[in-house]
Structure formats: structure tokens, C-alpha cells
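Subject: Structure for your review

Dear colleague,

Please find the structure below, together with its sequence. An account of what was found in it follows.

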Amino acid sequence: MPEIAMQLDIAAPRAVVLDALDTHDGLTGWWTTAVDREGDVLLLDFPDVPEPFRLRRERADRDRVVWANAGAFPPHWAGTWISWDLTGQPADQPGGPERTRLLFRHGGWQPGSEEGVPAVAGTWAELLVRLKDYAQSGKVQPYFVTARRHDTG
């Protein structure tokens, strides 16, 4: 089975990167403007999609964040999981900012879904640039901008 994997170094402490991955403000700062939660399930809306992506938080601590696909949409994400491993790194120079090494993986692709993996990998590459910029600068620049279209009540 294919797996998307990318690693990057972020000039920000692990706590900042964790907040970007596990809080509403963090996720809307780099991913999409339409983020809600139903318990441990993230609801993420994107332009021109019929329903939100649903990702269940399996783990979220200073070392690792793991989400599992919990919805029927998009169909090619069925059975997939996303993990983010965070490792603290020393500052590049004395007095410089703490750094975080982030290892991103998106795996669990089912047979027959492989043709969509390259496009998904390209989107994740763009998203990781946004995540890094957001964690380092605090500048809000979500990749997807959309209105909320579902009811979490």
C-alpha cells in the first residue's frame, strides 16, 4: 500500500506546532477556515465538496498526533490515517528559537485508491508549507477558504 511521508524542520517549539495541529485556531490558521468538532471528530469543510471530511483524533500529545478517517467522504480516504510525529530540536544558534522536526505520514490507502495518492501528496506538500509558515510566524493563511456548510448541533 502506498504511503505519503514528508519531513520538515520548523523554527518553533513543539507546543506551538501541537496547537497548530490540535486546536480550532491552529487548524484554521493554515488548513481551512471551516473547522468544527463533534467530540474527538474533526469536521473539515472545503470548497466544492458535498460534505465535510471527518477525522477522528486518536492521539494528540507533545510527541504525536494521529487522526483516522471517520467518514464516508471522500471515498478514496476510506481506511486511511494521518500521523504527525513531533521531535524537539536544539536551536540553530545560541539564543535562537526552539525547533521542531515534524514527520508527516498519510497511510492506509485501500487497493484501488492508489491513483489518487499523487494528487493528495501534492496538496499535503502545499499544506505543510502553510503549517510551517503559520507555526513560525503566527500569520494566518489558510489554504482553503470556505463558508461553514454543516450543522454540528
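A residue is called buried when its relative accessible area is under 20%, and exposed when that area is over 50%. Asn69 has a relative accessible area of 12%, and therefore counts as buried. Please note that the model is a predicted one.

**Asn69 and its surroundings**

Asn69 belongs to strand E5, which covers residues 64-69. The side chain of Asn69 reaches the backbone oxygen of Trp77 at a distance of 3.2 Å. Leaving aside residues up to four places away in sequence, Asn69 touches Arg54, Leu55, Trp77, Ala78, Gly79 and Thr80. Trp77 thus appears both in that list of contacts and as the residue whose backbone oxygen the Asn69 side chain reaches.

**The loop between E5 and E6**

Two prolines in this loop deserve mention. Pro74 lies in the loop between E5 and strand E6 (81-89), and the peptide bond that leads from Phe73 to Pro74 is cis, with omega near -10°. As general background, most peptide bonds are trans. Pro75 is placed in the loop between E5 and E6 as well. With a relative accessibility of 60%, Pro75 counts as exposed, because the cut-off for that class is over 50%. The C-alpha atoms of Pro75 and Asp40 are separated by 21 Å, and the two residues are 35 places apart along the chain.

**The nonpolar core**

Which residues touch the most other members of the largest nonpolar core? They are Leu21, Trp30, Trp31, Trp67, Trp84, Leu102 and Trp124, out of the 37 residues in this core. Helix H3 supplies the largest share of the core, namely eight residues. Leu21 may serve as an example of the contacts involved: not counting residues up to four places away in sequence, Leu21 touches Leu27, Trp30, Val65, Trp67, Trp84, Leu86, Leu102 and Leu131.

**The packing of H1 against H3**

Helix H1 (residues 14-22) packs with H3 at an angle of about 130°, and the two axes are 9 Å apart. On the side of H1, the contact is made by Val16, Val17, Ala20 and Leu21, and on the side of H3 by Leu131, Tyr134 and Ala135. How are the two helices oriented with respect to each other? H1 and H3 are oblique, because an angle of about 130° falls neither over 145 degrees, which would be roughly antiparallel, nor in the range of 65 to 115 degrees, which would be roughly perpendicular. The crossing of the two helices is right-handed.

Pro118 is also located in helix H3, and is exposed, with a relative accessible area of 57%. Pro118 and Met6 are 112 residues apart along the chain, while their C-alpha atoms are separated by 13 Å.

**Arg99 in strand E7**

Is Arg99 buried or exposed? Arg99 is found in strand E7 (residues 99-107) and has a relative accessibility of 17%, so it counts as buried. The residues that Arg99 touches, not counting those up to four places away in sequence, are Asp9, Ile10, Ala11, Ala12, Thr87, Gly88, Gln89, Pro90, Ala91 and Asp92.

**Asp48 and Asp61**

Asp48 sits in the loop between strand E3 (41-45) and strand E4 (53-60). Phi of Asp48 is near 60°, a positive value in a residue other than glycine. In general, most residues other than glycine have a negative phi. Asp48 counts as exposed, at 81% relative accessibility.

Asp61 is placed in the loop between E4 and E5. At 27% relative accessibility, Asp61 counts as partly exposed, because this value is neither under 20% nor over 50%. The side chain of Asp61 makes a polar contact with the side chain of Arg59, at 2.7 Å. Asp61 and Asp22 are 39 residues apart in sequence, and their C-alpha atoms are 9.1 Å apart in space.

**After helix H3**

Ala147 lies in the segment that follows helix H3 (117-137). Its relative accessibility is 53%, and Ala147 therefore counts as exposed. Ala147 and Asp92 are 55 residues apart along the chain, and their C-alpha atoms are separated by 40 Å. Asp92 is also one of the residues that Arg99 touches.

Yours sincerely

Definitions and conventions:
Residues are numbered from 1 along each chain as its sequence is written. This is a predicted model: local features need pLDDT of at least 70, side-chain atom pairs count only at pLDDT 80 or more; totals for chains, interfaces and linings use all residues. Side-chain values use heavy atoms; hydrogens and water are left out. Helices (H or I, at least four residues) and strands (E, at least two) are DSSP runs, numbered from the N terminus. Buried means under 20% relative accessible area, exposed over 50%, partly exposed in between (1.4 Å probe, protein chains only). A polar contact is a pair of N or O atoms within 3.5 Å; within protein, one must be able to donate a hydrogen and the other to accept it, and residues adjacent in sequence count only if both atoms are side-chain atoms. Contact means heavy atoms within 4.5 Å. A nonpolar core is a set of buried Ala, Val, Leu, Ile, Met, Phe, Trp, Tyr and Cys residues joined through side-chain atoms within 4.5 Å. Axes are lines fitted to C-alpha atoms, for helices over the stretch in contact, and angles run from 0 to 180 degrees between N-to-C directions. Angles under 35 degrees count as roughly parallel, over 145 as roughly antiparallel, 65 to 115 as roughly perpendicular and the rest as oblique. A crossing is left-handed if the near helix is turned anticlockwise from the far one by less than a right angle, and right-handed if clockwise.
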